[in-house]
Amino acid sequence: MSHLKTTVRAIGSPINLVFCGLDYAGKTAMNIRMRTGKFISDLKPTLASTMDSVTLVHDEDLVQATIIDLGGQEALRDNWAAFIEKSDVVIFVIDAHDSSRFDEAKKEFQQRIVPLAQKIPCLIVCNKFDLIKNSSMEKDSSKLINEVENTIQAALAVPKDGKFMILVTSQKTGYGLPKVTRLIRELLMSSL
Ligand SMILES: Nc1nc2c(ncn2[C@@H]2O[C@H](COP(=O)(O)OP(=O)(O)OP(=O)(O)O)[C@@H](O)[C@H]2O)c(=O)[nH]1
Ligand SMILES: [Mg+2]
């Protein structure tokens, strides 16, 4: 049994994940994609939080998780802290294609996520990569992914420590999702 596997099992099952981030970022789309593999293009904004179970698969490993999906509209953001404090990992989703809202996302990230990150580490999900890819002249995907990661790292002023990891995703194509479980495990190890 690998060291990683032993560590995750020792933390207990299921792990608690909470989705935060501005409205329209793609939290519910990611929640649904992780649970069903489907992309829904006409989702309604989340007004009441939801809780679901999911089995995360990585290599031959299965990790049971509970997902809390929160609403990101401004009036709902004060609710985030109570849920974050009961979670093992925060998944902060940002619409990486909408730079007009980067400052707003940074404010919420710095105010509501960073102060809690020593206890509850954070996976930053740079979502809607399909839209970026469609509108970019850059044809080299790995270069583009790198650019997106760097852009969001700078836009949110992500602290450079092991409490934060960045992942580029598209809920439409499913890009990036196979890496979610591994990154969550690495973040859990950072808080041991
Ligand atoms: N093209 C594209 N559209 C996406 C992607 N992810 C989400 N969307 C769309 O973006 C819209 C908003 O997605 P939601 O998942 O409802 O956003 P949310 O973060 O849950 O928003 P709130 O519940 O209001 O906080 C929906 O129409 C989704 O279909 C993606 O990766 N690519
Ligand atoms: Mg939602």
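These exercises walk through the ligand sites and two backbone angles of a predicted model.

**Exercise 1. Find which protein atoms bind the magnesium ion (ligand 2), and place their residues in the chain.**

Step 1. Look for donor atoms. The magnesium ion has two protein donors to inspect, T28 (OG1) and T46 (OG1), lying 2.0 Å from the ion.

Step 2. Place them in the chain. T28 belongs to helix α2, residues 27–36. T46 sits in the loop between α2 and β2 (50–58). The two are 18 residues apart, so the pair links distant parts of the chain.

Step 3. Check exposure. Buried means under 20% relative accessible area. T28 is buried, and T46 is buried as well.

**Exercise 2. Describe the surroundings of ligand 1: which residues come nearest, and which polar atoms lie beside it?**

Step 1. List the neighbours. There are 23 residues around ligand 1. K27, T46, G72, D130 and Q171 come nearest. T46 is also a donor of the magnesium ion.

Step 2. Take the backbone contacts. A polar backbone atom of G72 is 2.7 Å from an oxygen atom of ligand 1. For Q171, too, a polar backbone atom is 2.7 Å from an oxygen atom of the ligand.

Step 3. Take the side-chain contact. D130 places a polar side-chain atom 2.7 Å from a nitrogen atom of ligand 1.

Step 4. Judge the cover. On its own, ligand 1 has 650 Å² of accessible area, and the protein covers 94% of this.

Step 5. Name the space. Ligand 1 takes up the largest pocket.

Step 6. Name the elements. α2 and α5 (129–135) each give two or more residues to the shell around ligand 1. With three residues, α2 gives the most.

**Exercise 3. Locate K128 and A157, give the phi of each, and decide whether each is buried or partly exposed.**

Step 1. Recall the usual sign. Most residues other than glycine have a negative phi.

Step 2. Work on K128. Its phi is positive, about 70°, although K128 is not a glycine. K128 lies in the loop between β5 (122–127) and α5. The relative accessible area of K128 is 15%, so K128 is buried.

Step 3. Work on A157. Phi of A157 is near 55°, again a positive value in a residue other than glycine. A157 is found in the loop between α6 (141–156) and β6 (164–168). With a relative accessible area of 35%, A157 is partly exposed.

Step 4. Put the two together. K128 is buried, whereas A157 is partly exposed.

Notes. Residues numbered from 1 in each chain as written. Chains lettered and ligands numbered in written order. Predicted model: local features only at pLDDT ≥ 70, side-chain atom pairs only at ≥ 80, totals over all residues. Heavy atoms only, no water. Donors = N, O, S within 2.8 Å, 3.2 Å for Na, K, Ca; no water. Helix = DSSP H or I, 4+ residues; strand = E, 2+ residues; numbered from the N terminus. Buried < 20%, exposed > 50% of the residue type's maximum accessible area, 1.4 Å probe, protein only. Near = heavy atom within 4 Å. Polar contact = N/O pair within 3.5 Å; in protein donor to acceptor, adjacent residues only side chain to side chain. Areas by Shrake-Rupley, 256 points an atom, 1.4 Å probe, with all protein chains shown as cover. 1 Å grid on protein atoms, 1.4 Å probe; cavity = no way out; pocket = protein on both sides within 12 Å on 5 of 7 lines; lining within 4 Å. Sits in = over half its atoms within 2 Å of the grid points.
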